[in-house]
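Opening the notebook on a new model today. I want to see what packs where before I set anything up.

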Amino acid sequence: VKACHGLPLINGQSCDPYATVSLVGPSRNDQKKTKVKKKTSNPQFNEIFYFEVTRSSSYTRKSQFQVEEEDIEKLEIRIDLWNNGNLVQDVFLGEIKVPVNVYLLQPRDNGNKSSKTDDLGSLRLNICYTEDYVLPSEYYGPLKTLLLKSPDVQPISASAAYILGEICRDKNDAVLPLVRLLLHHDKLVPFATAVAELDLKDTQDANTIFRGNSLATRCLDEMMKIVGRHYLKVTLKPILDEICESSKSCEIDPIKLKEGDNVENNKENLRYYVDKLFSTIVKSSMSCPTVMCDIFYSLRQMATQRFPNDPHVQYSAVSSFVFLRFFAVAVVSPHTFHLRPHHPDPQTIRTLTLISKTIQTLGSWGSLSKSKSSFKETFMCEFFKMFQEEGYIMAVKKFLDEISSTETKVSSGTSEPVHLKEGEMYKRAQGRTRIGKKNFKKRWFCLTSRELTYHRQPGSCVYALSWGFA
């Protein structure tokens, strides 16, 4: 039980709410209760309750809550909200009922109804229900105006955007819409520059530059996810497809090697993928979105001013984002960036993890000109010796120079469309007038600032024409 919002006043005052959580069955109930929260209409409970439920035939000894097979579908979780009346009767505020049988694993529905199914086990879920109220756009006008003035406020910590990003319990609730708003109105670069400068004032060691989870780093993370998605697709997707669709083993940890594996062959496979991916990245500067280049340019200039005696900080300020927080993350989790339609299998995940570690270290090693790698594992240190050559350092620095320079850029707008929302929806077949299940297909829709497209699955080719809009 997480929290409540907007509870009604009792006798003109904030209530003293508490919740009861009940497991309700045909023959018995179990009930548990949260603590009472005093004088609030927005209580934060954050309490967890467990109920152990078993079928009567599953165990010989008596369970805490046994249920007959035929009664499982009748079980439900009931959450009642009450106002504590102290010396008078408690006041009922509302309830939620959730059937339990939706969490019991069922056989695939193929149209055949059997009288008895095998026990397939149960699925444990952590469900978070949220409800957003979206008002007409004119209601947000004053707040929008206030937020768009933020880049010009001195100091930046007194701006509405900065305060909003700091006070929200879940930072992403504020950062993502804030970045989208500022990006749309070409205000993100000055705001990100200002909050990054605030970060730099508190940084004492050049080696830890932009390594924290501050408002500046979160804003840049979200910005790269939004404007850099196409950049990732054209740079990484072909190689990631090759890695995921091949079955080459790249395990180099002696403890994790399978019987019959040849560590030297695996090492060569891994080096091939790392070299191919690294080469593609360092040659991709012309595809880097302009807004990313503008921010990287600002970061580089500010880092040089903050640490004038460190010749490498101009590179580490940029590599801490583009390698550590952008490319390395996309390599290890391609499905979350829609570079792959599905979560990879365990062997592929392991391969991607090893590649990501190496790419990440190459970026920081090249930008800091370190003589040693930072790997804790002996086998990774031995593997990384293959890349400790001047050519890799120079390639990293050349790439960072190119993406943090404004000399070859013509405009500071977003060169690629901004992704607003993606997800699955059902599309009715064209030319079909009858309403029926066969006439509807599940498709992956993508809404950007320029168009609406749909695909068979995430990352696949566009399945239909797109509709542009102003």
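My entries on cores, one buried arginine and one strand follow.

**Entry 1: the main core.** First reminder to myself: this is a predicted model. I looked up the largest nonpolar core and got 86 residues. Inside this core, the residues with the most contacts are M223, L236, V322 and F399. Which helix gives the most to this core? That is α9, residues 313–332, with eleven residues. I also checked the core against the domain assignment: at least three of its residues come from domain 2 (135–202), and at least three from domain 3 (225–403).

**Entry 2: around L236.** I picked L236 from that list of most-contacted core residues and pulled its contacts, skipping neighbours within four places in sequence. What is left is L277, I281, F327, A330, V331 and L339. F327, A330 and V331 fall within the 313–332 range of α9.

**Entry 3: a second core.** I then found another core, separate from the main one, with six residues. Among them are L7, I10, C15 and L81.

**Entry 4: R325.** Back to α9, since R325 is found in that helix. Is R325 buried or exposed? Its relative accessible area is 18%, and the cut-off for buried is under 20%, so R325 counts as buried. Next I asked what its side chain does: it makes a polar contact with the side chain of D221, at 2.9 Å. Leaving out neighbours within four places in sequence, I list F210, R211, G212, T217, D221, M224 and S320 as contacts of R325. D221 therefore turns up for R325 both as a general contact and as the polar partner, next to the 18% that makes R325 buried.

**Entry 5: strand β1.** I moved on to β1, residues 17–24, and checked how covered this strand is. Eight of its eight residues are buried. Side chains in a regular strand alternate between the two faces of the sheet. I looked up the two sets here: P17, A19, V21 and L23 point one way from β1, while Y18, T20, S22 and V24 point the other way. Both sets are buried.

**Entry 6: partners of β1.** Which strands pair with β1? One is β5 (residues 76–83), antiparallel, over eight bridges. I noted N83 in β5 as the bridge partner of P17. The other I looked up is β2 (residues 29–33), also antiparallel, over five bridges. Here T20 has K33 in β2 as its bridge partner. β1 and β2 form a hairpin, with four residues between them.

Technical notes: Residues are numbered from 1 along each chain as its sequence is written. This is a predicted model: local features need pLDDT of at least 70, side-chain atom pairs count only at pLDDT 80 or more; totals for chains, interfaces and linings use all residues. Side-chain values use heavy atoms; hydrogens and water are left out. A nonpolar core is a set of buried Ala, Val, Leu, Ile, Met, Phe, Trp, Tyr and Cys residues joined through side-chain atoms within 4.5 Å. Buried means under 20% relative accessible area, exposed over 50%, partly exposed in between (1.4 Å probe, protein chains only). Domain bounds come from an automatic or database domain assignment. Contact means heavy atoms within 4.5 Å. A polar contact is a pair of N or O atoms within 3.5 Å; within protein, one must be able to donate a hydrogen and the other to accept it, and residues adjacent in sequence count only if both atoms are side-chain atoms. Two strands pair if DSSP finds at least two bridges between them.
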